[in-house]
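Let's take a walk through this fold together, starting from the outside and working inwards. Have the model open beside you as you read.

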Amino acid sequence: MADEPGELNTVIRTFTNEVHAQIAQAVLDANGIDSGLIRDDAGGMMPWLQQLHPIRLVVREEDSAQAVDILNSPPPPNQ
């Protein structure tokens, strides 16, 4: 099945910790980029599976370059 335009289907980063994944997703959300988290941990009932099957952060293909740049940029200095 071909991917539909605009689907959240491009994995830009993986995490073995749900908190780190949610922080990255919040950063993207704050910058206006839609994202999703794909987990294979039995709906959160078996979090240790995240070590074997990392959480995947996905975005739209057209947003992937900008999303990676945002996540790779250092945080702004405190004022």
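How much area does the chain expose, and what share of it do carbon and sulfur atoms supply? In this predicted model, the exposed area comes to about 5,500 Å², and carbon and sulfur atoms account for 53% of it.

Now for the overall layout. The chain contains 2 helices and 3 strands, and if you follow the sequence from its start you will meet them in the pattern β-α-β-β-α. Of the 79 residues in the chain, 27% are buried. The contacts reach well along the sequence, too: taking those between residues at least 6 apart, 68% join residues at least 24 apart.

A good place to look on the outside is helix α1, which spans residues 18–30 and includes Val19. Together with Ile23 and Val27, Val19 forms a nonpolar patch on the surface. The three residues have about 240 Å² of accessible area together.

Next, let's go inside. Which residues of the largest nonpolar core touch the most other members? They are Ile12, Leu28 and Leu57, in a core of 13 residues. Two or more residues of this core come from each of β1 (8–15), α1, β3 (55–60) and α2 (64–72). Leu28 is a handy residue to centre your view on. Leaving aside residues up to four places away in sequence, Leu28 is in contact with Ile12, Ile33, Ser35, Leu57, Val59, Ala67, Ile70 and Leu71.

From there, move to strand β2, residues 35–38, where you will find Leu37. Is Leu37 buried or exposed? Its relative accessibility is 17%, and buried means under 20%, so Leu37 counts as buried. Beyond residues up to four places away in sequence, Leu37 touches Ala21, Gln22 and Gln25, along with Ile55, Arg56 and Leu57. You can also relate Leu37 to Arg13: the two are 24 residues apart along the chain, and their C-alpha atoms are separated by 10.0 Å.

Our last stop is Ser64, in helix α2. This serine has a relative accessible area of 17%, so Ser64 is buried as well. Its contacts, again not counting residues up to four places away in sequence, are Thr10, Ile12 and Val59. Ile12 is a residue you have already met, as one of the three core residues that touch the most other members. Val59 should be familiar as well, since it appears among the contacts of Leu28.

Conventions: Residues numbered from 1 in each chain as written. Predicted model: local features only at pLDDT ≥ 70, side-chain atom pairs only at ≥ 80, totals over all residues. Heavy atoms only, no water. Patch = residues over 30% accessible without salt bridge, like charges linked within 9 Å, V, L, I, M, F, W, Y side chains within 5 Å. Areas by Shrake-Rupley, 256 points an atom, 1.4 Å probe, with all protein chains shown as cover. Salt bridge = Lys/Arg side-chain N within 4 Å of Asp/Glu carboxyl O. Helix = DSSP H or I, 4+ residues; strand = E, 2+ residues; numbered from the N terminus. Core = buried A, V, L, I, M, F, W, Y, C linked by side-chain atoms within 4.5 Å. Buried < 20%, exposed > 50% of the residue type's maximum accessible area, 1.4 Å probe, protein only. Contact = heavy atoms within 4.5 Å.
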